[in-house]
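User: I am new to this structure and would like to learn how to read it step by step. Could we begin with how aromatic rings are paired, and then move on to the strands and helices?

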Amino acid sequence: MPYQETFIEFWEQVKESYQEGRFAKLTLAKTIGKPNLKNIFVRPLSSDKSLKVLVKLRYQSRETEDEESELTLDEAFTFLKPYLKTHFSSVLLFTTTKDVILKINKKGVGKITENAPTFQNVIIAESGV
């Protein structure tokens, strides 16, 4: 399945985990090439059902300051989508019940796998924006 369709399926699990209070963190990892952008992290901002997240861009270079944005979950989806396959080849969803991993191969095919949970509790991010 093309990674764009797989990402939509993956994102449904992100939304569901947030709405159920299980969403701990989302990480875009496995950079493609040698970009200055090292990772993108997404953390929940509140424990209510507002679906607001803190999106943090972390850079390799110490001269480049990390960037943070407060977004809704839908805005985060739109924001993250262009980074797939161009900057990152995997997205990891950490919840309190399971870890969900989306990997994109060189042919642009996405695959979702699940593992035992890494996090036991949800930690609400503090806004630095």
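Analyst: We are looking at a predicted model. Two aromatic rings are taken as a pair if their centres lie within 6.5 Å, and by this rule there are seven aromatic pairs here. Take Phe7 and Phe10 as a worked case: their ring centres are 6.3 Å apart and their planes meet at 20°, so this pair is stacked, since planes under 30 degrees apart count that way.

User: Where do Phe7 and Phe10 lie, and are they buried or exposed?

Analyst: Both belong to helix α1, which covers residues 3-19, and they are three residues apart, or about one turn of the helix. Phe7 and Phe10 are both buried. A contrasting geometry is found in Phe94 and Phe119, an edge-to-face pair with 5.4 Å from centre to centre and 70° between the planes. Phe94 sits in strand β5 (residues 88-95) while Phe119 sits in the segment after β7 (110-115), so this pair ties together parts that are 25 residues apart in sequence. Phe94 and Phe119 are both buried as well.

User: Which residues do ring pairs link into a cluster?

Analyst: The cluster consists of Phe7, Phe10, Trp11 and Phe77, linked through ring pairs.

User: How should I read the arrangement of the strands, and what is their order in the sheet?

Analyst: The idea is to follow which strand pairs with which, from one edge to the other. Here seven strands form an open sheet in the order β4-β3-β2-β1-β5-β6-β7, with antiparallel pairing. Its edge strands are β4 (67-72) and β7, each of which pairs on one side only, and the twist from one strand to the next averages 15°. At the β4 end, β3 and β4 run antiparallel and are joined by six bridges, with Lys56 standing opposite Glu68 in β4.

User: Which helices lie against these strands, and which strands does each one meet?

Analyst: Helix α1 packs on the sheet and touches β1, β2, β3, β5, β6 and β7, its direction making about 30° with that of β7. Helix α2 lies across β1, β2, β3 and β4, and runs at about 130° to β4.

User: Could you take one strand, β6, and show me how it is joined to its partners?

Analyst: Strand β6 (residues 99-104) has five of its six residues buried, so it is largely enclosed by the rest of the structure. With β5 it pairs in the antiparallel sense over five bridges, Ser90 standing opposite Lys103 in β6, and a hairpin of three residues joins β5 to β6. Between β6 and β7, which also run antiparallel, there are six bridges, and Ile101 has Thr113 in β7 as its bridge partner. These two strands form a hairpin with five residues between them, where Gly108 in the turn has a positive phi of about 85°.

User: Which residues have the most contacts inside the largest nonpolar core?

Analyst: They are Phe10, Trp11, Leu26, Leu28 and Ile40, within a core of 30 residues. The elements giving two or more residues to this core are α1, β1 (23-31), β2 (37-44), β3 (52-59), α2 (73-80), β5 and β6, and the largest share, six residues, comes from α1. To see the surroundings of one member, take Leu28: apart from its neighbours within four places in sequence, Leu28 is in contact with Asn39, Ile40, Leu80, Tyr83, Leu84, Phe88, Ser90 and Val91.

Key:
Residues numbered from 1 in each chain as written. Predicted model: local features only at pLDDT ≥ 70, side-chain atom pairs only at ≥ 80, totals over all residues. Heavy atoms only, no water. Phe/Tyr/Trp six-rings, centres within 6.5 Å; stacked < 30°, edge-to-face > 60°. Helix = DSSP H or I, 4+ residues; strand = E, 2+ residues; numbered from the N terminus. Buried < 20%, exposed > 50% of the residue type's maximum accessible area, 1.4 Å probe, protein only. Pairing = 2+ DSSP bridges. Core = buried A, V, L, I, M, F, W, Y, C linked by side-chain atoms within 4.5 Å. Contact = heavy atoms within 4.5 Å. Axes fitted to C-alpha atoms, helices over the stretch in contact; angles between N-to-C directions.
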